[in-house]
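Could you walk me through this protein, step by step? I'd like to know what sits on the outside, what holds distant parts together and where the empty space is.

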Amino acid sequence: MTHYEGDLRAIDGARYAIIASRWNARITDALVAGARKELASNGVPEAQVDVIRVPGAWEIPLVAARLAAAGKHAALLALGCVIRGDTRHYEHVADGCSEGLMRVQLEFRIPVLNGVLAVEAAEDAEARAGGSHGNKGEEVALAAVELVNLLEKLP
């Protein structure tokens with residue numbers, strides 16, 4: 001039986017793109033900082049990381065598809081924050097973004113890590129952007145490095 005598993009060693013020359021929304025900037029800035037820190041800590045040079053800012057979470061899948069089609073990145077990290085409000089807008093944006101990211105990942109066969117927070121309140125987002133629940137940006141960066149490594153090993 002063959003066993004495949006990725007690890008946290010960066011693949012030489014692999015580029016990563018962080019696509020982050022500007023909406024809820026205090027949260028998304030913390031997510032971006034966490035992702036950049038973890039990529040660097042795991043051997044990804046800063047010159048191999050592109051940060052692309054978009055207006056909100058809704059726009060992330062379009063940019064992800066464009067970058068995936070260009071074929072210059074080994075993985076895409078989507079970072080954003082959608083906070084529930086008084087209308088159904090929350091569900092439309094959060095669900096649409098998540099579904100769009102999955103479609104990009106499957107269509108282009110490139111890791112697309114979903115670090116778009118969908119939370120009930122600003123306090124929940126703060127907890128996941130460097131607070132008591134860690135930093136989702138860091139988590140998706142680690143997952144990106146591992147997936148790129150694993151994909152290099154798979155037949």
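Let's start with Leu154, which is partly exposed because its relative accessible area is 35%, a value that falls between the 20% and 50% cut-offs. Keep in mind that you're looking at a predicted model. You'll find Leu154 in the segment after helix H5, which covers 136-153. Leu154 has company, too: together with Tyr4 and Leu151, Leu154 makes up a nonpolar patch on the surface. Between them, the three have about 260 Å² of accessible area.

Now step back to Lys153, in helix H5. Lys153 is partly exposed as well, at 36% relative accessible area. Its side chain meets that of Asp7 in a salt bridge, with 3.3 Å from N to O. Asp7 belongs to the segment before strand E1 (16-21), so this pair links parts of the chain that are 146 residues apart.

That's one salt bridge, but the structure holds eleven. Take Arg15 and Asp50, whose closest N and O atoms are 2.7 Å apart. Here the link runs from the segment before E1, where Arg15 lies, to Asp50 in strand E2 (residues 49-54), and the two are 35 residues apart. Arg15 counts as partly exposed at 25% relative accessibility, and Asp50 is partly exposed with 24%.

Strand E2 also holds Arg53, while Asp29 is in helix H1 (residues 25-41). Their side chains form a salt bridge too, at 2.7 Å from N to O, so parts that are 24 residues apart in sequence get tied together. Arg53 is partly exposed at 32%, and Asp29 counts as partly exposed at 38%. Salt bridges can also share partners: Asp7, Arg9 and Lys153 are joined into one network that way.

For a fully exposed case, look at Ala69 in helix H2 (residues 60-70). Why does Ala69 count as exposed? Its relative accessibility is 54%, and the label applies to anything over 50%. Ala69 and Ala144 are 75 residues apart along the chain, and 18 Å separates their C-alpha atoms.

Finally, how about the empty space? The largest pocket has about 280 Å³ of it. Lining this pocket are 17 residues, and the closest to its centre are Trp23, Cys81, Val82, His89 and Val93. Strand E3 (75-83) and helix H3 (89-108) are the elements that give two or more residues to the lining. Sort that lining by class and you get nine nonpolar, six polar and two charged residues.

Note on methods: Residues numbered from 1 in each chain as written. Predicted model: local features only at pLDDT ≥ 70, side-chain atom pairs only at ≥ 80, totals over all residues. Heavy atoms only, no water. Patch = residues over 30% accessible without salt bridge, like charges linked within 9 Å, V, L, I, M, F, W, Y side chains within 5 Å. Areas by Shrake-Rupley, 256 points an atom, 1.4 Å probe, with all protein chains shown as cover. Salt bridge = Lys/Arg side-chain N within 4 Å of Asp/Glu carboxyl O. Helix = DSSP H or I, 4+ residues; strand = E, 2+ residues; numbered from the N terminus. Buried < 20%, exposed > 50% of the residue type's maximum accessible area, 1.4 Å probe, protein only. 1 Å grid on protein atoms, 1.4 Å probe; cavity = no way out; pocket = protein on both sides within 12 Å on 5 of 7 lines; lining within 4 Å. Points joined across faces, edges and corners; volume = space filled by probe spheres on them. Nonpolar A, V, L, I, M, F, W, Y, C, P; charged D, E, K, R; others polar.
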